[in-house]
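Hi,

Here is the structure I promised to pass on. Have a look at it first, and my notes follow underneath.

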Amino acid sequence: MKLADDPEVEEFRAQFSAFLDARLPTEAEARERSHSSAHVPDWARRWQRTLFEHGWLLPGQPPEYGGRGATLPQQLAHLEELARRRIYHSFNPQGLGIIAASLLTFGTEEQKTRWAVPILRAEITAALGMSEPEAGSDLASLRTRAVLDGDTFTVNGQKIWTSGAHDADVLLTFVRTDPGAPKHKGISALLIPTAAEGVVRRPFGSIAAEDDHDFNEVFLTDVRVPRENLVGPLNAGWRVANGSLGHERTLLWLSYAERLQDLVRDAGDAGAGQEWYATLLMDLTALRLLGHRQLGPNRNAAEISVLKLLGSEAVQSASLHALEAHGADALAHPARTGPYHHMHHEDFVSSWFERYARSFAGTIAGGTSEIQRNIIAERILGLPR
Amino acid sequence: MEFELDEEQRMLRRTVRETVAKVRPQPEDRQWETYRSLGWLEAPPLELALILEELGYAADPTPFLATATWFAPLTGRLPEGSGTAVFDGVGRYVLEADRADEVALLTKGGVTVVPGADLGAQRVGILDPHVHVAHVDAQALSAGVPDLALTGLAATAVGACRRVLDLVLAHVKQRTQFGQVLGSFQAVKHKAADMHVAVERARALTHFSALTIAEDDPRRTKAAHMAKAAAGECQRLVFRHGLQLFGAMGFTWENELQLHLKRAQACDLLLGTASAHRKALLTA
């Protein structure tokens, strides 16, 4: 145990920092803002491509996929440096972190070239089709059906909460291919281009605003998908899904640390002398410490649930305290509650109400807090299922 | 930063666990002699935190905590026999003051060490029967608590909380009601999960505190307040859920649960509760 980073991590951080100093888009270049998690303005596409070409997009990958074979502590340093400067490396975070990453793990060489690389180079954007109206926490009960006839799947069903689908070029979609098998064993993963006939996307507003369009309903009616778009083996989709959510999950806690750090900054005046502000500082420190422990060789996949639960609930609790500390002023909406940064599109026009409401994304999406508690109780503490 | 115990530290923890389990049933002075002879009192901060967590886990009755984390950091040495210290200028509820061989008094003029027998300290009965505290008539003392004293209490509390959680887990895995083990009910699982997260959070901050002391990092005082506050918060949750989940059985003297609940609570109440340390963190 030691406080300092290893020299090769320091060196790596310094290199990346120098790269950012030299290559970061200027405020004038980056005027157009992204309006969904799969809408990437032209300047942001150029930025992502620059990162790709210099091996700073996904540093853990080899150079042909936008990386430089970095170690896990180095990957953490990369994300920390981006967070510290409030920079996004991609404005299509799921396309990069989940879909492209899944293709690099489970895809064929042809799929990597045809889909993963264009997503990484921001030539196309991607969204993730998992949840359905009747399959949320119980994802494995999904019912969207794909029937294989010859070399073509025919897909029928509905997805929901598909972030950015209306702006995406392709959906990584989980479908039922064997209705006779136990529910986890009859699922497959398919790449479905959104331009395909029979794909209808309907974006709908979030709690924050009627025109805040990121969520979508996606209706799939007799959509024909070539067999070559199957990712991973037939009926092995559950493994791909776990791998998909597993990608970057080791470092997922960092997004909560980033939000806690934002709250430390933005709620400093309201929190002066308040015990909840001390709790916020402690939660942030504890999350970072436990996250660093996950970098070592003794990491345990179920421990990620501890980090998610701790991080997401800390964000929610501190957001509520900040909301309350602002009293009636917190009603103003939209309101400027954080500093403007041209490479960071959150918070600066979000009211305290919006920030509190959005904190529920952390305790609901990607496995609710209740599911995380079950995982901790069953897989760490050994209580019966 | 590297935040994982190395092989040597993990081995130390295993050794300590085994030794404490073996020694704990022996008479109290034999336990104390064993710990002294093993050199554990001289362990550096992080190793000391690991040892204290295990002693906390075992409801240790010896003067180890006060000797290692109250007396030693003030005087820079170990006492002849056992030791403690008076930091807060009031001299109330001082760990081990009734039986420590040497007592360090932190005054504006520096540290003065007096023989424990000279203080005329009176032991005060408290809820944890194995924790010795006494009121001392100490005048003209200035305030100031060493970081290590806070870390030591935090580590002890973490150990006691871990023990409570282990006892609760064993209980809910074997007790059956309505034809089902208690641990299969989600209301039970969720409380257990929250206890686990609280222990992990407090333990991480305690290790961090010990690490900042070991490296004399400028964040050490803040870290000590965080550790003490987090251990206190953890204690509050683990006490509430732990006693609740154990049901009526935990409400008896015969069941050892009470011992560990009290140790955890004592560690919170001594040298300032969680709330006091949250406030102190903001001005440290």
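B:Asp29 is exposed, because just 9 other C-beta atoms lie within 10 Å of its own, and a residue counts as exposed at 12 or fewer. Keep in mind that this is a predicted model. B:Asp29 sits in helix H2 of chain B, which covers residues 28–37. If you want a landmark in space for B:Asp29, try B:Pro63: the two are 34 residues apart in sequence, and their C-alpha atoms are 9.9 Å apart.

Staying with chain B, have a look at strand S1, residues 83–86. Which way do its residues point? B:Gly83 and B:Ala85 go one way, B:Thr84 and B:Val86 go the other, and all of them are buried. That fits the usual pattern, as side chains in a regular strand alternate between the two faces of the sheet. S1(B) pairs with strand S3 of chain B (residues 102–107) in the parallel sense, over 4 bridges. To find the pairing on screen, start from B:Val86, whose bridge partner in S3(B) is B:Leu105.

Chain B also has an open sheet of 3 strands, in the order S2-S6-S5, with antiparallel pairing. Its edge strands are S2 (94–95) and S5 (122–123) of chain B, each of which pairs on one side only. S5(B) and strand S6 (residues 133–135) of chain B run antiparallel and share 2 bridges. Here you can look for B:Arg123, which stands opposite B:Ala134 in S6(B).

Now for where the two chains meet. On the chain B side, 37 residues are in contact with 31 residues of chain A. Which elements of chain B give two or more residues to that side? They are four helices of chain B: H5 (147–174), H6 (186–214), H7 (220–246) and H9 (274–283). H6(B) gives the most, with 13 residues. Sorted by class, the side of chain B that touches chain A has 19 nonpolar, 7 polar and 11 charged residues.

Next, the inside. The largest nonpolar core has 191 residues, and A:Leu190 and A:Leu287 have the most contacts inside it. H5(B) supplies the largest share of this core, 16 residues, and H5(B) is also one of the helices on the side of chain B that touches chain A. What does A:Leu190 touch, leaving out residues up to four places away in sequence? Its contacts are A:Ala146, A:Phe153, A:Val155, A:Thr173, A:Val175, A:Val225, A:Asn229, A:Leu230 and A:Val231.

Finally, chain A as a whole. Chain A has 12 helices and 8 strands, and it is divided into domain 1 (7–91), domain 2 (127–235) and domain 3 (252–380). The C-alpha centres of domain 2 and domain 3 of chain A are 30 Å apart. The C-alpha atoms of chain A fill a box of roughly 65 × 45 × 45 Å along the principal axes. For 385 residues, a compact globule would have a radius of gyration near 21 Å, and the 21 Å of chain A agrees with that. Buried residues make up 46% of the 385 residues in chain A. As for how chain A connects to itself, take the contacts between residues at least 6 apart in sequence: 67% of them join residues at least 24 apart.

Cheers

How values were computed: Residues numbered from 1 in each chain as written. Chains lettered and ligands numbered in written order. Predicted model: local features only at pLDDT ≥ 70, side-chain atom pairs only at ≥ 80, totals over all residues. Domains from an automatic or database assignment. Pairing = 2+ DSSP bridges. Contact = placed C-beta atoms within 7 Å. Nonpolar A, V, L, I, M, F, W, Y, C, P; charged D, E, K, R; others polar. Core = buried A, V, L, I, M, F, W, Y, C linked by C-beta atoms within 7 Å. Buried ≥ 20, exposed ≤ 12 C-beta atoms within 10 Å, placed from the backbone. Rg over C-alpha atoms; globule rule 2.2 N^0.38 Å.
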